[in-house]
Amino acid sequence: MQKYLCVLALSLVAFSGAAQSGDRDLAVNSNVQIDVLAVYEDVVAQGYHSAQVYRKLANGRYLEQKFDEAKKWYSKLFEMDEAPEAIEYLRYAETLEALEEFDLAQSYKAQYDQLKDQD
């Protein structure tokens, strides 16, 4: 019986040490940065297409000022989504202006103004 208790005590001590080591590993790994937009791009590359994914990619690339990429995702969003939010019209217009596509930008800015007045 004494051997059994001794083995049990040693096992608990070893298990406790392993658990604490695992906590340190978890703390180190929690500092890892994930590029969410890259994950969304992988999702699209695997064949999953949705307005929500296009919206995240378009707005994310717009905020990063990567206007070529933002234009790509906004155009897909507007092809798919029949009712984008007003801010997306404005952001797409600003993206197009940054790419010097002024005529198309004016069209989207006018649509933004129309939607903004309805709110």
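A residue counts as buried when its relative accessible area is under 20%, as exposed when that figure is over 50%, and as partly exposed in between. Keep that in mind as we walk through this predicted model, starting with Glu88. Its relative accessibility is 1%, so Glu88 counts as buried.

What does Glu88 meet there? Its side chain and that of Arg55 come together in a salt bridge, at 2.6 Å from N to O. Arg55 belongs to helix H3, which covers residues 51-63, while Glu88 sits in helix H5, so this pair ties together parts of the chain that are 33 residues apart in sequence.

That bridge is one of eight salt bridges in the count. Several charged residues even join up: Glu41, Arg61, Glu64, Lys66 and Glu69 are linked in a network of salt bridges. Take Glu64, for instance. Arg61 bridges to Glu64 with the closest N and O atoms 2.6 Å apart, and Lys66 also bridges to Glu64, this time with the closest N and O atoms at 3.7 Å. How covered are these three residues? Arg61 has a relative accessibility of 5%, so it counts as buried. Glu64, with a relative accessible area of 38%, is partly exposed, and Lys66 is partly exposed as well, at 39%.

Now for the rings. Searching the whole structure turns up eight aromatic pairs. One of them is Tyr62 with Phe67, an edge-to-face pair whose centres are 6.3 Å apart and whose planes make an angle of 70°. Tyr62 counts as buried because its relative accessibility is 15%, whereas Phe67, with a relative accessible area of 22%, is partly exposed.

Another pair looks quite unlike that in its geometry. The rings of Phe78 and Tyr92 have planes at 20° and centres 5.3 Å apart, so this pair is stacked. Phe78 is in helix H4 (residues 67-80) and Tyr92 is in helix H5 (residues 86-98), so the stacking ties together parts that are 14 residues apart in sequence. Both partners are covered by the rest of the protein: Phe78 is buried at 15% relative accessibility, and Tyr92 is buried with a relative accessible area of 4%. Nor does the pair stand alone, since ring pairs link Tyr74, Phe78, Tyr89, Tyr92 and Tyr108 into a cluster. Helix H5 has now come up twice, with Glu88 in its salt bridge to Arg55 and with Tyr92 in its stacked pair with Phe78.

Let's move out to the surface. Which residues form a nonpolar patch there? They are Ile34, Val36 and Val39, and together they have about 280 Å² of accessible area. Val36 has its place in helix H2, which spans residues 36-45. With a relative accessibility of 46%, Val36 counts as partly exposed.

Finally, how far should you trust the picture? The pLDDT averages 82 over the chain, and 73% of the residues score at least 70. Over residues 1-13, though, the pLDDT is below 50, and this stretch has zero contacts in the model beyond near neighbours in sequence. Residues 18-22 tell a similar story: their pLDDT stays under 50, and the model has zero contacts for them beyond four places in sequence. Where pLDDT is low, the predicted coordinates should not be read in detail. So when you look at residues 1-13 and residues 18-22, leave the fine detail aside.

Conventions: Residues numbered from 1 in each chain as written. Predicted model: local features only at pLDDT ≥ 70, side-chain atom pairs only at ≥ 80, totals over all residues. Heavy atoms only, no water. Patch = residues over 30% accessible without salt bridge, like charges linked within 9 Å, V, L, I, M, F, W, Y side chains within 5 Å. Areas by Shrake-Rupley, 256 points an atom, 1.4 Å probe, with all protein chains shown as cover. Salt bridge = Lys/Arg side-chain N within 4 Å of Asp/Glu carboxyl O. Helix = DSSP H or I, 4+ residues; strand = E, 2+ residues; numbered from the N terminus. Buried < 20%, exposed > 50% of the residue type's maximum accessible area, 1.4 Å probe, protein only. pLDDT = per-residue confidence, 0-100. Contact = heavy atoms within 4.5 Å. Phe/Tyr/Trp six-rings, centres within 6.5 Å; stacked < 30°, edge-to-face > 60°.
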